[in-house]
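Biologist: Could you walk me through this model and tell me what stands behind each label?

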Amino acid sequence: LTISAFWCGYGVTFILAGQGALGDTGDLRDAVVPGLATFTVALLLVAVVGLLCREPVLALISGATSLASAHDVATRHSHGLGSSAVACNYLIVCLLGGYFALGRILYFLTNGKMALPGTDLAKKKSHEQTQAAGGSTNPFAATGLILNMLSAGVFGCRLLGITHKLFMGQVPWLWAAGIYQVGICILSYRAMDVLMATSFGFTSILKFAGGYCLLYPVWQPEEPSFPTPFLVVFSILFAVLALFLSLRSPVDGLYLLVYVASCLALAFHPRGFFGGGPQGVAVAVFVASALVALIHLHSVKGARVPPGKGKGAVKALLARSSFLKLREGPDLHAPYLGYSKYADAEALAFACSVLASSALTATGDPQAPLATVVIPWVVVAGGILKLLGGSVAFARGKTLESSAFILYSVMWIIWGLARYGGLYGTTRSFHSAVGIAAFMLFNGFIIFCTLFLSISWFFYSLTFMLVALSFFLDAIHALPTGYDTAATLSFGLVSFYCFLSALCSGTFEGPCLPMGGPIVQLGAVGAGTSKCLHLPARKASSVKRIADILRNGGTCGIPTDTVYVLVAACNRPDAVEKAHRSKRQAQDRPMSLWISSLKQLEPAKHLFTPLLWDFMEAAWPSPISLVVPRGEWVDFLGMKDSAKYVGTPQSVAIRIPDCSVTTHLIDLVGPIVVTSANPTGEADTTHHNQVYAKLGDKVDAVLCDGPSPENIASTVVDCTKIDSGNIGFFRVGLIPKSQV
């Protein structure tokens, strides 16, 4: 990833030079040297860690690229230095890359029988798995920190005199770092690291803003400046995030304080990024990023000094507090509705709302501040980064929240670009007003829906309506004095509270800063809103946890080879009674019995007729339930008092499901009592979301596996008279009569 970002910025810089966008040779030198100098240090760090972790190919490629960059810097200052050395180092990179590629090709062609030294990834993976417990939880953090080095290096080189000026030739480095950092932000959410992902989202905004500042003088004669209140707000957001991050990783928390200083330096220097103060802080950011990146790189390999060192002292301090308790354990990143590959991104989305609204409170000339403020802070922060937050919320099953974030991000982007692009003139006022009115109509629907979500979300959507109303009034030239500032401040304050609440809910147990309950409580379908456990079915640890809940007398919703079902352990009559009661089971639809193998019935085999036993062996595992005569064989399964809830006095429905997750669960728990996961008379549940909606407040956990493989329940066959040559069908489901 680091070398990819390097080639991206380096290549675009040469494209600019080839198109004549850069002036003389000195401009090309000032354009490429900051990136080359930064990656010299960054790749040297990777090479050192590669040597310490005994990865020679990685270390040599990184080291050779680092030396090539260093010699390239020397060549830019004196043509007599370094040109041959640059070529030699890149030749080493070519040879090593070819060697590694050849080793991998041989490994695949020979099915792992032949591998060149240093290219056998199987040993490497097993070694990493043994060290994973001691390593960093986010393997992408180091790359994000290196990208911070890149942006800081551009401004730091100007202060140190390595480059002579800041200009558009350095924009490719800044924007490449920003784009890659957005990618690292997404990968950090994939690594379930909310706080570092949020910090990378923040720093990517600064990179886009820095690049925009260097590009701005191309079409405007003056240097851009930013309003002080906005950057002070940004520094407060960084400080709050640093506080929460220090609870998990004191090193990372202290590191973010450097960005607090950076925002304050930008706020109080009239020249912004072009001033000496912010450039001095950029040097500090470079050094701090290099040190913390080295710690993260080393900790990924299971080093003894992870970035979270010191967390024990924080936990000990919080242990004395009855109000604050750190959230830990397997539920730390549990998705809102079952399976999800991402952590929660609401904190970043709310913070982007704070940034966008505070940027709009800038006073002064109505045209000049917009050119500086709207693009980097409203369009990028309020639009693009909020769109990222909405996409992650959608992936986590938060449909309403994601709809709101995406709608608001589109509003910020369209309004910002139209306002900046000159489309917002006198002749276009009516068209702008119509478009804004359409957004207000959609937002009205979101406000209505948030009545059933939470108080905080209601005020968040309501205050955005006030902001949209200010846009509308401005479009029709009827905006009262001060209304727009009051509306954006209200939206910013509510967004800031939601930002704090999102951080608290992800860090501490209990409602430190609650979002509040729904204003209007729905009955029926919406009543199942309690946060019962939701565990991904793809994990064996989840199945084990469901088994523990069932053994302790709980009831759970689980996926099967047909639709979702509600289950309880046979040997827990209290759990079976609870399932019967929560389901509102009708007497004409008795609960059935499931086993994982006929071996569980082997002790009672003599109680079944040979024909029935042969038929069970032939039919299972499958979506076929067999209704068999009730007898003493039921006692062999340890049902005790549960028997009265299963089947009828004359017969019992029994099945072995054709689902590895379900049979593994039965192996852990023993035979289970089963009924469909929906109130009697309603349609079958074909997704874990439906289990939440219908029975979320009545079950202890749901094993989530997304949509069911089938939308039809099992076929129920009457085998009570099979020995007379007759079978009947209570229900023809997935398996047709002919196949039975």
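Biologist: What makes His477 exposed rather than buried?

Modeller: The rule first: buried means under 20% relative accessible area, exposed over 50%, and partly exposed in between, with a 1.4 Å probe and protein chains only. His477 has a relative accessible area of 60%, so it goes down as exposed. The residue sits in the loop between helix H17 (455–475) and helix H18 (483–507). Bear in mind that this is a predicted model: local features need pLDDT of at least 70, side-chain atom pairs count only at pLDDT 80 or more, and totals for chains, interfaces and linings use all residues. Residues are numbered from 1 along each chain as its sequence is written, and side-chain values use heavy atoms, with hydrogens and water left out.

Biologist: What is notable about phi of His477?

Modeller: Phi of His477 is near 60°, a positive value in a residue other than glycine. Most residues other than glycine have a negative phi, and most peptide bonds are trans. Arg54 also has a phi near 60°, and its place is the loop between helix H2 (25–52) and helix H3 (56–77). With a relative accessible area of 77%, Arg54 is exposed.

Biologist: Where is there a peptide bond that is cis?

Modeller: Between Trp620 and Pro621, where omega is about -5°. Pro621 is in the loop between helix H21 (610–619) and strand S5 (624–629).

Biologist: How do you know what counts as a helix or a strand?

Modeller: Both are DSSP runs, numbered from the N terminus: helices are H or I with at least four residues, strands are E with at least two. By that rule the chain comes to 23 helices and 10 strands.

Biologist: How are the 10 strands of the sheet ordered?

Modeller: It is an open sheet with mixed pairing, in the order S1-S8-S2-S3-S7-S4-S6-S5-S9-S10. Two strands pair if DSSP finds at least two bridges between them. Strand S1 (533–536) and strand S10 (728–731) each have a single partner strand, so one side of each lacks a neighbour in the sheet and they stand at the edges. From one strand to the next, the twist averages 30°.

Biologist: How do you know that S2 and S8 are paired?

Modeller: Strand S2 (residues 556–558) and strand S8 (residues 701–704) are joined by 2 bridges and run parallel. The cut-off is at least two bridges, and 2 bridges are found here. Cys556 has Ala701 in S8 as its bridge partner.

Biologist: And what joins S7 to S3?

Modeller: S3 and S7 run antiparallel, with 5 bridges, and Val567 has Val674 in S7 as its bridge partner. S4 is also antiparallel to S7, joined by 3 bridges, and Trp594 stands opposite Ile672 in S7.

Biologist: Why is S7 called largely enclosed?

Modeller: Because 4 of its 5 residues are buried, S7 is largely enclosed by the rest of the structure. Across the chain of 740 residues, 52% count as buried.

Biologist: What makes Ser592 buried or exposed?

Modeller: Its relative accessible area is 14%, and the limit for buried is under 20%, so Ser592 is buried. Ser592 lies in strand S4 (residues 592–594). Leaving aside neighbours within four places in sequence, Ser592 is in contact (heavy atoms within 4.5 Å) with Val646, Ala653, Ile672, Val673 and Val674.

Biologist: Where does Gly670 lie?

Modeller: In the loop between helix H22 (660–669) and strand S7 (672–676). Gly670 is buried, also with a relative accessible area of 14%. The C-alpha atoms of Gly670 and Cys570 are separated by 7.4 Å, though the two are 100 residues apart along the chain.

Biologist: How many cavities of 30 Å³ or more are there?

Modeller: The count is 1. On a 1 Å grid over the protein atoms alone, a cavity is a set of points where a 1.4 Å probe fits but cannot get out, and lining residues have an atom within 4 Å of a point. The largest cavity has a volume of about 190 Å³, the volume being the space filled by probe spheres set on the points, which are joined across faces, edges and corners. Of its 15 lining residues, the closest to the centre are Ser151, Phe155, Tyr259, Ser262 and Phe273.

Biologist: Which helix gives the most to that lining?

Modeller: H11, with 4 residues.

Terms used
Axes fitted to C-alpha atoms, helices over the stretch in contact; angles between N-to-C directions. 1 Å grid on protein atoms, 1.4 Å probe; cavity = no way out; pocket = protein on both sides within 12 Å on 5 of 7 lines; lining within 4 Å.
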